[in-house]
Amino acid sequence: MRRGAAGPARDRLLAEYGPATLRVTGASASSAVIMRVLRAELGVDLVTGKILLRRVLCGDHSGTLPEMELLARSLRASGIAATATRP
């Protein structure tokens, strides 16, 4: 199963703990790097990557805490300051 795919376990995590949000902070946020990480980690095409990039930059991309932490770690490894937070 690809990362980010829906499933019963994911649904249970969201129902029990609520969504977490991916936050990108600081001037280090290069759109090209963020989109490259999103496309690599989530296996999405260019159009979907652009949509996700806008959501991430607006602070509107959410999912389970483990999903958002995985993306945040990948972004940090690429030099982007990112965190996974719960509202």
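Two strands pair if DSSP finds at least two bridges between them, where strands (E, at least two residues) and helices (H or I, at least four residues) are DSSP runs numbered from the N terminus. The model shown is predicted, so that local features need pLDDT of at least 70 and side-chain atom pairs count only at pLDDT 80 or more, while totals for chains, interfaces and linings use all residues. Residues are numbered from 1 along each chain as its sequence is written, and side-chain values use heavy atoms, with hydrogens and water left out.

**View 1. The open sheet of three strands.** The strands follow the order 2-1-3 with antiparallel pairing, and the edge strands, strand 2 (62-63) and strand 3 (81-85), each pair on one side only. Strand 1 and strand 2 run antiparallel and are joined by two bridges, with Ala20 standing opposite Gly63 in strand 2.

**View 2. The buried side of helix 3.** Gly49, Leu52, Leu53 and Val56 are the buried residues of helix 3 (buried means under 20% relative accessible area, exposed over 50%, partly exposed in between, with a 1.4 Å probe and protein chains only). They lie on the same side of helix 3 because they cover an arc of only 110 degrees around the axis, the arc being that of the directions from the helix axis to the C-beta atoms. The face turned away from this buried side carries the exposed residues Val47 and Arg54.

**View 3. The ends of helix 3.** Asp45 caps the N-terminal end of helix 3, with a side-chain oxygen 3.3 Å from the backbone nitrogen of Val47. Gly59, whose phi is positive, near 75 degrees, follows helix 3.

Key
Polar contact = N/O pair within 3.5 Å; in protein donor to acceptor, adjacent residues only side chain to side chain.
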